[in-house]
Amino acid sequence: MIRTTVPTSVRKGAAIAGVAGLLVLAGCSGTADAEDSSTGTGTGNAESSAPSNAASAGDYTDGTYTADGSYKTPESVESVSVTLTIADGVVKDVEVTGDPKARETEQYQGQFIKGISDEVVGKSLDDLKVDRVAGSSLTSGGFNEAVASIKEQAAA
């Protein structure tokens, strides 16, 4: 019987690549989010997180602001454009447009765009940070990056 062995470094590398692949795929999960107990809807989660150097809710100039944000997917680097209308430090309207480079990204950005209004309209700009919207988690990174830029623009 011929016995062959695989070098330890190759086995470790394959194991690490396998785990990394699982983590990437887990982030792209198309499953519905857990039901939000406060509203009874399963559209997503919004996290409250205000950076320590952010202005308070009353320190934003009312108006409509636009910024772009980008995020990395397994296939490419994608971007979204976010337009927020702010009044008294509260989001009154949101519009997100995407320019997907990958077919799968088109699906996830579409889901995100359909669900984002329910997650952010009526919330304080200081508390605005989304985690996962309508099954899309990666798009949130680009959205949050754009919101950070809008906060800087709107700071009085």
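**Close-up views of a predicted model**

**Figure 1. Helix α2 and its bend.** Helix α2 comprises 18 residues and spans 26 Å between its first and last C-alpha, close to the 26 Å expected at 1.5 Å a residue. In this predicted model, α2 occupies residues 103–120 and bends by about 35° at lysine 114. The residues of α2 that are buried are Thr105, Tyr108, Gln109, Phe112, Gly115, Ile116, Glu119 and Val120. Just after the helix comes glycine 122, whose phi is positive, at about 95°.

**Figure 2. The largest nonpolar core.** This core contains 23 residues, and those touching the most other members are Val82, Leu84, Val96, Ile116, Val120, Leu125 and Phe143. At least two core residues come from each of β2 (63–72), β3, β4, α2, β5 and α3. Helix α3 makes the largest contribution, with 5 residues. Two of the residues named here, Ile116 and Val120, are also among the buried residues of α2.

**Figure 3. Surroundings of valine 120.** Which residues does valine 120 touch, not counting residues up to four places away in sequence? Its contacts are Val91, Val94, Leu128, Val130 and Phe143. Valine 120 and Phe143 both appear among the core residues that touch the most other members. Valine 120 is buried, as are Glu119 and Ile116 in α2.

**Figure 4. Glutamine 153 in helix α3.** Glutamine 153 belongs to helix α3, which covers residues 139–154. Leaving aside residues up to four places away in sequence, glutamine 153 touches Tyr65, Thr66 and Ala67. A polar atom of the glutamine 153 side chain lies 3.2 Å from the backbone oxygen of threonine 66. Threonine 61 is 92 residues away from glutamine 153 in sequence, yet the two C-alpha atoms are 8.8 Å apart in space. Is glutamine 153 buried, partly exposed or exposed? Its relative accessibility is 39%, so the residue counts as partly exposed, the class between the limits of 20% and 50%.

**Figure 5. Aspartate 88 between two strands.** Aspartate 88 sits in the loop that links β3 (77–87) and β4 (90–98). Although aspartate 88 is not a glycine, its phi is positive, at about 55°. Because its relative accessibility is 64%, aspartate 88 counts as exposed, a class that begins over 50%.

**Figure 6. Alanine 134 between a strand and a helix.** The loop between β5 (129–133) and α3 holds alanine 134. This residue, too, is other than glycine and has a positive phi, near 50°. With a relative accessible area of 25%, alanine 134 is partly exposed.

**Figure 7. The whole chain and its confidence.** The chain has 3 helices and 5 strands, which follow the pattern α-β-β-β-β-α-β-α along the sequence. Of its 156 residues, 32% are buried. Among contacts with a separation of 6 or more, 61% join residues that are 24 or more positions apart. The average pLDDT is 76, and 62% of the residues score at least 70. Where does pLDDT stay under 50? Such values run over residues 29–57, a segment for which the model has 55 contacts beyond four places in sequence.

Definitions and conventions. Residues are numbered from 1 along each chain as its sequence is written. This is a predicted model: local features need pLDDT of at least 70, side-chain atom pairs count only at pLDDT 80 or more; totals for chains, interfaces and linings use all residues. Side-chain values use heavy atoms; hydrogens and water are left out. pLDDT is the predictor's confidence in each residue, from 0 to 100. Contact means heavy atoms within 4.5 Å. Helices (H or I, at least four residues) and strands (E, at least two) are DSSP runs, numbered from the N terminus. Buried means under 20% relative accessible area, exposed over 50%, partly exposed in between (1.4 Å probe, protein chains only). A polar contact is a pair of N or O atoms within 3.5 Å; within protein, one must be able to donate a hydrogen and the other to accept it, and residues adjacent in sequence count only if both atoms are side-chain atoms. A nonpolar core is a set of buried Ala, Val, Leu, Ile, Met, Phe, Trp, Tyr and Cys residues joined through side-chain atoms within 4.5 Å. The expected span of a helix is 1.5 Å times one less than its number of residues. The bend at a residue is the angle between axes fitted to the seven residues ending there and the seven starting there.
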